[in-house]
Amino acid sequence: MTREEKSIVIKDLTTKLADSSNVYLADISGLNASLTSDLRRACFKADVKLMVVKNTLLAKAMESTDKEFGELTSILKGSTSIMLSETGNAPAKVIKSFRKKNEKPILKGAYVEESIYVGDENLDALVDIKSKEEVIGDIIGLLQSPAKNVISALKSGGGKLSGILTTLSKREE
């Protein structure tokens, strides 16, 4: 690979890292062609981009972005694949479901919404992370709940109140 080719790859990786708020680093070495194809299909279905990258080029791309990847650059050893996604937990879910039948991929680390996770032991925590849309939905549900309770109480109470008034007016006659 010439210097110009490396420069182009680094610029491309830098752009992809800058545009993505969720970056997972995984080790998929040892998977045969069929399993790798299955993993790529699973990533495609989950809207996750999977790329095998050279560690040195990825490290330079990480340094070129405005993001602080912290200790993720120190884990760039051996085989590294990068998984990019708009949803914070999508790559973790793909890894976890794929590992039900296989030993790999192994999570090396992740950058999720400015938080850094290092090591495969964080996989379950990453699966449980809610997406921004899920959190917004939960908040809207919580905000609507008290309003619905007040409205239903007023509706039911209003019927009772009119019934009481009608009964009282009939007694006075």
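Start by selecting Lys 96: with a relative accessible area of 35%, this residue is partly exposed. Keep in mind as you click around that the model is predicted. Now add Asp 124 to the selection, and you'll see its side chain meet that of Lys 96 in a salt bridge, 2.5 Å from N to O. Lys 96 sits in helix H4 (residues 90-98) and Asp 124 in helix H5 (residues 123-127), so the salt bridge ties together parts that are 28 residues apart in sequence. Asp 124 is partly exposed too, at a relative accessible area of 43%.

Next, pick Arg 99 and Asp 120. Here's another salt bridge, with the closest N and O atoms 2.7 Å apart. This one also links distant parts of the chain: Arg 99 is in the loop between H4 and E4, while Asp 120 is in the loop between strand E5 (115-118) and H5, 21 residues away. Are these two buried or exposed? Neither quite fits: Asp 120 is partly exposed, with a relative accessible area of 25%, and Arg 99 counts as partly exposed at 25% as well. Both count as partly exposed because buried means under 20% and exposed means over 50%.

Stay with helix H4 and select Ile 95, which lies in that helix. Ile 95 is buried, with a relative accessible area of 0%. What does Ile 95 touch, leaving out residues up to four places away in sequence? Show Ala 26, Met 83, Pro 105, Leu 107 and Leu 123, and you have its contacts. While you're there, try a distance from Ile 95 to Ile 106: they are eleven residues apart in sequence, and their C-alpha atoms are 7.6 Å apart in space.

Now for some rings. Aromatic pairs come to a count of one here. To find it, select Phe 69 and Tyr 111: the rings are tilted, with 4.8 Å centre to centre and 50° between the planes. The pair links distant parts of the chain, as Phe 69 is in the loop between helix H3 (55-64) and strand E3 (80-85), and Tyr 111 is in strand E4 (residues 106-112), 42 residues apart. Turn on a surface for these two: Phe 69 counts as buried at 3% relative accessibility, and Tyr 111 is buried with a relative accessible area of 5%.

Head over to helix H1 (residues 3-19), which holds both Asp 12 and Lys 16, four residues apart, or about one turn of the helix. They form a salt bridge whose closest N and O atoms are 3.4 Å apart. Asp 12 is partly exposed, with a relative accessible area of 39%, and Lys 16 is partly exposed at 29%. How many salt bridges does a search of the whole structure find? Five, including the ones on this tour.

Finally, clear your selections, zoom out and colour by secondary structure. You should be able to pick out six helices and five strands. Follow the chain along its sequence and the pattern reads α-β-α-β-α-β-α-β-β-α-α. Of the 173 residues in the protein, 35% are buried. Among contacts with a separation of 6 or more, 77% are between residues 24 or more positions apart. Switch on the full surface for a last look: the accessible area comes to about 11,100 Å², and carbon and sulfur atoms account for 55% of it.

How values were computed
Residues numbered from 1 in each chain as written. Predicted model: local features only at pLDDT ≥ 70, side-chain atom pairs only at ≥ 80, totals over all residues. Heavy atoms only, no water. Helix = DSSP H or I, 4+ residues; strand = E, 2+ residues; numbered from the N terminus. Buried < 20%, exposed > 50% of the residue type's maximum accessible area, 1.4 Å probe, protein only. Contact = heavy atoms within 4.5 Å. Areas by Shrake-Rupley, 256 points an atom, 1.4 Å probe, with all protein chains shown as cover. Phe/Tyr/Trp six-rings, centres within 6.5 Å; stacked < 30°, edge-to-face > 60°. Salt bridge = Lys/Arg side-chain N within 4 Å of Asp/Glu carboxyl O.
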